[in-house]
Amino acid sequence: MNIIETPLPGVLIVEPKIFGDERGYFYESFNLAAFSKHNLPTLFWQDNISRSVKGVLRGLHYQLNPYAQGKLVRVSEGEVFDVAVDLRKNSPTFGKWFGLTLSAENKKQLWIPPGFAHGFCVTSDFAVFNYKATTKYAPSSERAILWNDAELGIEWPKLDCDWILSEKDKNGTPFSKAEMNFH
Ligand SMILES: Cc1cn([C@H]2C[C@H](O)[C@@H](COP(=O)(O)OP(=O)(O)O[C@H]3O[C@@H](C)C(=O)[C@@H](O)[C@H]3O)O2)c(=O)[nH]c1=O
């Protein structure tokens, strides 16, 4: 597997080497040596799965310390556009976002460390989103930043349908007013 840096320090793409033959394909989705070499976690608290239809946008979510979660995300059916936003106040890329397509076809994973907000939108008819988190779900520490905040300027894909958001996400906090305790 290749582990590739992104413009946001600490956010890494895990790109598998796919071996195809007449039976189908094979790839390693986790490798202890490769993950350890790049300081990726090898132990997680939770494994989560969500299914969403086209136009669903979930995010931008994070949990405050001491429950800040690192997330290793991937898509097992369909396709999404996945976004991480740097909320680490001392980071040179504070307030910057990075996005990429994750799909069942490209089999990429994205590692989003603690101190980032995360969100995605579904660009295929539906998508199954799988992710591991390093710490427990702590609803009282959970926060949502407004997905389309002009200050962040995230370039979400343009879809031929309406966005579908939870009430929580429709009422996300503007980036400038969001509570953050990451360094
Ligand atoms: C995230 C989560 C939710 N839940 C429950 C609470 C709620 O009743 C139901 C749906 O929760 P939500 O609406 O928060 O689900 P969702 O909007 O999919 O939230 C997720 O969005 C993506 C972008 C992330 O980055 C995740 O960390 C998580 O915040 O599932 C858990 O039991 N455990 C969990 O870890």
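Is Tyr131 buried or exposed, and how many other C-beta atoms lie within 10 Å? In this predicted model, Tyr131 is buried, with 22 other C-beta atoms within 10 Å.

**View 1. Two residues that UniProt lists for an active site.** An unreviewed UniProt entry lists His61 and Tyr131 under "active site". Although they span 71 residues in sequence, their C-alpha atoms are no more than 13.5 Å apart, so they gather at one spot. His61 belongs to strand S6, whereas Tyr131 belongs to strand S12. Because 20 or more other C-beta atoms within 10 Å are needed for a residue to count as buried, His61, with 19, is partly exposed, while Tyr131, with 22, is buried. Beyond four places in sequence, His61 is in contact with Ala117, His118, Gly119, Glu142 and Ala144, and Tyr131, under the same exclusion of sequence neighbours within four places, is in contact with Asn48, Lys71, Leu72 and Val73.

**View 2. The shell around the ligand.** The residues surrounding the ligand are Gln46, Asn48, Ser50, Arg58, Gly59, His61, Lys71, His118, Gly119, Phe120, Tyr137 and Ser166. Strand S5 (46–53), strand S6 (57–63) and strand S11 (116–122) are the elements that give two or more residues to this shell. By residue class, the shell divides into 8 polar, 2 nonpolar and 2 charged residues. His61, from the UniProt listing, is one of the shell residues, as are Asn48 and Lys71, both of which are in contact with Tyr131.

**View 3. Tyr62 in strand S6.** Tyr62 lies in strand S6 and counts as buried, with 28 C-beta neighbours inside 10 Å. When residues up to four places away in sequence are left out, Tyr62 touches Leu87, Phe116, Ala117, His118 and Arg143. Arg143 is 81 residues from Tyr62 in sequence, yet the two are 5.5 Å apart in space, C-alpha to C-alpha.

**View 4. The largest nonpolar core.** In soluble globular proteins, nonpolar side chains tend to be buried together. Here the largest nonpolar core has 34 residues, and those with the most contacts inside it are Val11, Val80, Ala84, Val85 and Phe116. The elements that give two or more residues to this core include strand S2 (12–15), strand S7 (71–77), strand S8 (79–86) and strand S12 (126–133), together with S6 and S11. Val80, one of the residues with the most contacts inside the core, touches Val75, Leu102, Phe120, Cys121, Val122, Thr123, Ala127 and Phe129, not counting residues up to four places away in sequence.

Methods. Residues numbered from 1 in each chain as written. Predicted model: local features only at pLDDT ≥ 70, side-chain atom pairs only at ≥ 80, totals over all residues. Near = placed C-beta within 6 Å. Helix = DSSP H or I, 4+ residues; strand = E, 2+ residues; numbered from the N terminus. Nonpolar A, V, L, I, M, F, W, Y, C, P; charged D, E, K, R; others polar. Core = buried A, V, L, I, M, F, W, Y, C linked by C-beta atoms within 7 Å. Buried ≥ 20, exposed ≤ 12 C-beta atoms within 10 Å, placed from the backbone. Contact = placed C-beta atoms within 7 Å. UniProt positions renumbered as here; feature names shortened; annotations may be inferred.
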